[in-house]
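Here are some notes to read beside the structure, written for someone meeting such a model early in their studies. Please keep the sequence and the 3D view open while you go through the points.

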Amino acid sequence: MNVVKLVSGVFKDVTSHWKHPAEGNFVSYKELINLSIGGMGNQLTMQLVWQMGLSAGNTLLGSTIGIRPLHLQYMLTVQTILNVLFFFVRAHIVDNTRTKWGRFRPYIAFAGIPLAVMAVVFVFLPFQTMSYNEKLISVFLFAITISMVQPLFTDTYSELQTVITPNSEERAKVLSINSIIYSFAPTVTGLFIPILSNLTGGYTNINTYRYVLAPISLFGLGLNFFTAIGCKERVVTSSTYVQKVSIIEGSIMILKNKHWWIRQIAGLIGFLEGATGVFFSWIYIYGVQDMTAYGILNTIMGTASGIAMAITPFLLKKLGNKKLLIYHNLLNIVFLIILMFTFKVPMLMFIIMYMNNLVNALSLVYNQVMHSEVKDYQQYICGYRMDFVFGLAGMVTMPITLLSGYVIPYVYEYFGLTTNYDILYDPNVRNSLFFMLCVLAIVGAVLNLIPFCFYSMSKEKHQNIIRVLRYRALFDDFETGDFNADIIKDGVEAVRTGLELNESAVPDLKALKAEIKAAPKSEAKDEARRAYKAAKAFAGDKAEVGIFMEELNKFDTPLWQHKVEKARELIENDVNVLVSVRDSIVADAKNLPRSTKEQREIRKYDIQQAKAIVKSSKLIKKNYPGGLVKPDENKVKEAYAMPDSSNAENKRRNKAIKEAEKELDLYYKTIAPYVAAKKLVHSFENREEVFKWAEANYDKACEIIKAREEEETQKAKEKKHLAGRRNK
């Protein structure tokens with residue numbers, strides 16, 4: 001009966017919210033399915049592309065084509081260095097992309113095409129007639145070219161998942177369900193590719209990549225359009241927000257993000273954790289030598305990820321990110337220790353690796369959730385929404401990454417693995433190498449765990465950060481006079497719930513726990529447990545509401561009062577006052593007292609502000625030698641209003657928009673401190689009026705949203721009715 005009730009409840013939930021999400025959520029089930037089908041396309045398209053990764057354990061490049069592990073690492077080093085340039089280009093393009101599809105979806109739709117085509121062309125090169133150097137050059141050129149394009153396809157899909165909803169709990173649910181559905185694609189390919197490879201000579205034969213993997217990659221291209229067309233991007237900003245942040249400036253801002261640093265350091269010192277990743281395939285390719293068994297077991301192995309993805313949202317809800325991550329890493333260490341003594345027996349190794357993969361697959365969901373939270377925190381501390389710039393900021397650790405990357409290839413070659421991978425057929429060589437890789441993986445797993453003991457971003461803290469972002473968005477729309485129903489509704493509800501949480505009494509958890517013990521068995525005890533659970537969750541939310549209250553009351557603090565005072569001093573004069581500032585204002589700021597915490601905060605702010613003003617003065621002299629002139633803002637509106645019904649008109653329109661925005665960007669970048677000062681003073685002066693304005697328009701906003709949903713429902717019914725008539 002419980003199973004029937006559960007199935008019935010799921011069916012009702014899906015049908016009720018197929019096109020419109022439940023109250024408090026943002027993603028309908030239809031949009032979730034579109035995201036998942038596109039994910040399948042992404043996975044299928046990448047089946048062949050992934051085989052071209054420059055790593056020491058790569059079967060196609062190493063065993064099939066015959067490139068030495070260290071040579072692959074040399075090429076990877078060059079590729080990593082070039083990726084600094086590629087990151088600049090990609091980050092600038094994506095983070096400043098504005099289309100009716102959003103920032104990520106155009107790349108999801110089209111960036112996979114050149115990737116798949118290049119990979120197919122590569123595997124059809126005549127490697128059998130090439131010299132070693134010719135192979136080396138071919139691998140390098142294709143790998144580098146693919147590495148330029150690949151993140152535009154794979155990373156944009158990952159990033160879309162982080163902005164599909166601002167609700168952290170819903171995001172975990174979306175990521176989990178999406179991962180379960182789209183993982184069907186690699187599960188199927190994991191079963192049939194090894195079986196089909198028996199017909200083409202196995203994974204060490206180039207024909208497997210030409211006639212099995214290449215068609216699969218080409219087939220996946222069309223499915224990407226389900227995500228590109230059927231999903232939305234939901235970033236908590238004002239309706240007039242325009243992403244215009246320098247990628248260098250953005251990277252520097254990210255370097256001040258403590259949560260980002262924790263994740264970065266964990267990856268740096270835990271690089272050895274994946275050393276055992278080659279075990280499963282290499283044991284069946286070189287040890288058991290049964291690709292049919294490998295295909296079947298590979299499919300079974302895939303179910304571990306499915307189970308993990310299904311249970312991760314529940315574990316996240318119960319434990320939170322930090323606890324789940326720590327438990328996952330501890331179990332990973334345990335399984336790696338057991339694996340060190342069982343890998344010689346294939347079935348025992350499979351069982352241990354299955355359990356380890358199940359535990360590791362938890363990170364597929366919670367890592368994305370953590371990544372999203374880190375980006376939301378970045379927007380909270382600096383005011384800008386950044387995505388691809390995170391990758392560029394990560395390049396600061398590139399020297400360490402490059403050096404650590406040579407450890408595994410060196411170990412391979414130390415054990416005799418160069419261009420002759422046939423030595424892996426020798427169990428003595430294979431077992432010695434695998435034992436060493438187990439030891440390295442255990443060391444990596446232990447090191448990876450240490451930094452996360454200092455990770456402090458809880459679910460409750462993140463909820464209050466989102467509350468702050470929604471509150472800030474109200475100020476921007478009030479300033480511009482725009483009316484966005486979603487921003488008003490979300491902003492008002494954020495403030496209301498924050499104030500209610502702050503003013504409510506802290507529940508007595510000890511008393512509630514005592515009630516559980518005192519309650520008689522049966523429904524009374526269950527009710528007492530539910531009350532305790534709800535009170536505990538409420539206490540957790542209330543413990544972090546200070547983040548929101550700090551934002552709400554920030555103008556009552558000495559630091560912010562000082563900021564407003566300094567801003568008023570700056571804007572008392574015309575913007576041209578920036579031209580005549582003295583360089584000595586930085587030295588004056590550094591001489592301010594710093595005996596107390598309050599003085600140190602004020603001094604730090606004044607130094608930053610003085611440096612910004614001096615920089616602005618220099619930019620004015622450089623960019624406007626004949627005098628500062630503000631561009632006509634109407635040019636942008638006029639450019640957007642230009643016709644674009646044909647390709648020629650579209651080109652003219654895009655060119656006009658680019659030129660008009662370039663003029664405005666240069667102007668506002670040049671006088672940035674003055675603009676920021678005006679915005680700060682206006683926010684201070686309007687701090688009470690903003691929420692009154694939003695409250696007054698709340699009912700109207702709710703009506704607009706409800707009417708929009710009803711209109712969408714009606715259109716869907718009419719579309720369905722017309723489709724039915726056509727079928728008749």
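1. Arg-472, Glu-551 and Lys-554 are joined in a network of salt bridges, where a salt bridge is a side-chain nitrogen of Lys or Arg within 4 Å of a carboxyl oxygen of Asp or Glu. Residues are numbered from 1 along each chain as its sequence is written. This is a predicted model, in which local features need pLDDT of at least 70 and side-chain atom pairs count only at pLDDT 80 or more, while totals for chains, interfaces and linings use all residues, and side-chain values use heavy atoms, with hydrogens and water left out.

2. Within this network, the side chains of Arg-472 and Glu-551 meet at 3.2 Å, N to O. The pair links distant parts of the chain, since Arg-472 belongs to helix H22 (residues 459–480) and Glu-551 to helix H26 (residues 546–552), 79 residues apart; helices here are DSSP runs of H or I with at least four residues, strands are runs of E with at least two, and both are numbered from the N terminus. The side chain of Glu-551 also meets that of Lys-554 in a salt bridge of 3.1 Å, N to O.

3. How buried or exposed is Glu-551? Glu-551 is buried because its relative accessible area is 10%, given that buried means under 20%, exposed means over 50%, and partly exposed lies in between (1.4 Å probe, protein chains only). Lys-554 is likewise buried, at 16%, whereas Arg-472, at 24%, counts as partly exposed.

4. The structure holds 12 salt bridges, and another of them joins the side chains of Arg-529 and Asp-526 (3.2 Å, N to O). Because these two residues are 3 residues apart in helix H25, Arg-529 and Asp-526 are separated by about one helical turn. Arg-529 is partly exposed at 42% relative accessibility, and Asp-526 is partly exposed at 36%.

5. On the surface, Lys-318, Lys-323, Lys-513, Lys-517, Lys-533 and Lys-536 gather in a patch of positive charge. A patch is made of residues with over 30% relative accessible area and no salt bridge, with like charges joined within 9 Å and nonpolar side chains (Val, Leu, Ile, Met, Phe, Trp, Tyr) within 5 Å. Lys-513, which lies in helix H24, counts as partly exposed at 47% relative accessibility.

6. For the protein as a whole, there are 34 helices and 0 strands, and buried residues make up 48% of the 728 residues.

Key. Accessible areas come from the Shrake-Rupley method with a 1.4 Å probe; for residues, only the protein chains shown count as cover. Lys and Arg count as positive and Asp and Glu as negative; His and the chain ends are not counted. The place of a charge is taken as NZ of Lys, CZ of Arg, CG of Asp or CD of Glu.
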